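Reader: I should like to go through the terms applied to this structure and the reasoning behind each of them. Please set each value against its cut-off.

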Amino acid sequence: MEKSLDDIQREVDQYISQFKEGYFSPLAMLARMSEEVGELAREVNHSFGEKPKKTDEADNSIELELGDILFITVCFANSLGINLTEAHDKVMHKFNTRDANRWTKKDTD
């Protein structure tokens with residue numbers, strides 16, 4: 001069974017709640033998110049860019065880096081009381097209304 005965003009938010013909250021420190025401050029989480037995006041950029045560059053990985057570099061993957069970004073995004077949302085399903089719905093509404101004709105749609109034939 002696949003997890004919903006609500007399930008993921010609860011799972012992360014249960015994990016973080018076991019530690020006295022709890023969630024980091026919003027500024028610390030933003031810094032952490034920036035670090036993780038940088039690590040993703042590095043992996044994408046190794047996989048699709050002109051910069052090969054050094055032979056002694058760890059074998060990270062785009063999948064794991066995206067997972068790290070998802071984790072910190074969920075932590076950030078949880079710490080601020082943001083429901084990511086509701087946030088997603090609001091963003092999709094924006095894309096489906098404001099940006100409805102922004103891109104060339106595929107033929108439905």
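Author: The exchange below treats the overall form, the core, the surface and the salt bridges of this predicted model.

Reader: How many helices and strands does the secondary structure comprise?

Author: The protein has four helices and zero strands. Read from the N terminus, the order of elements is α-α-α-α.

Reader: What radius of gyration does the protein have, and what would a compact globule of 109 residues have?

Author: The protein has a radius of gyration of 18 Å, whereas a compact globule of 109 residues would be near 13 Å. The C-alpha trace spans about 50 × 40 × 35 Å along its principal axes. Of the contacts with a separation of 6 or more, 62% join residues 24 or more positions apart.

Reader: What makes up the largest nonpolar core?

Author: Ten residues form this core: Val12, Ile16, Met29, Met33, Ile72, Val74, Cys75, Phe76, Ala77 and Leu84. They are called a core because they are buried nonpolar residues joined through side-chain atoms within 4.5 Å. Two or more residues each come from α1 (5–17), α2 (26–48) and α3 (62–80). Helix α3 gives the largest share, with five residues. In soluble globular proteins, nonpolar side chains tend to be buried together.

Reader: Which residues does Val12 contact beyond its neighbours within four places in sequence?

Author: Val12 is in contact with Tyr23, Phe71, Val74, Cys75 and Asn78. Val74 and Cys75 also belong to the largest nonpolar core, as does Val12.

Reader: What share of the 109 residues is buried?

Author: Buried residues make up 17% of the protein. The accessible surface comes to about 8800 Å², and carbon and sulfur atoms account for 56% of that surface.

Reader: Why is Phe95 called partly exposed?

Author: Phe95 has a relative accessibility of 38%. The class of partly exposed residues lies between 20% and 50%, and therefore Phe95 falls within it. Phe95 is located in helix α4 (residues 84–97). Together with Val91 and Met92, Phe95 forms a nonpolar surface patch with about 230 Å² of accessible area.

Reader: How do you know that Glu11 and Lys3 form a salt bridge?

Author: The closest N and O atoms of Glu11 and Lys3 are 2.7 Å apart. The cut-off is 4 Å, so the pair qualifies as a salt bridge. Glu11 itself counts as partly exposed, at 40% relative accessibility. By this rule the count of salt bridges comes to five.

Reader: What makes Arg98, Asp99 and Arg102 a network?

Author: These three residues are linked by salt bridges. The closest N and O atoms of Asp99 and Arg98 are 3.0 Å apart. The side chains of Arg102 and Asp99 meet at 3.9 Å, N to O. Both distances are within 4 Å, so each pair counts as a salt bridge.

Reader: Within that network, which residues are buried and which are exposed?

Author: Asp99 has a relative accessible area of 10%, which is under 20%, so Asp99 is buried. Arg98 stands at 55%, over the 50% cut-off, and is therefore exposed. Arg102, with 52%, is likewise over 50% and so is exposed.

Note on methods. Residues numbered from 1 in each chain as written. Predicted model: local features only at pLDDT ≥ 70, side-chain atom pairs only at ≥ 80, totals over all residues. Heavy atoms only, no water. Buried < 20%, exposed > 50% of the residue type's maximum accessible area, 1.4 Å probe, protein only. Patch = residues over 30% accessible without salt bridge, like charges linked within 9 Å, V, L, I, M, F, W, Y side chains within 5 Å. Areas by Shrake-Rupley, 256 points an atom, 1.4 Å probe, with all protein chains shown as cover. Contact = heavy atoms within 4.5 Å. Rg over C-alpha atoms; globule rule 2.2 N^0.38 Å.
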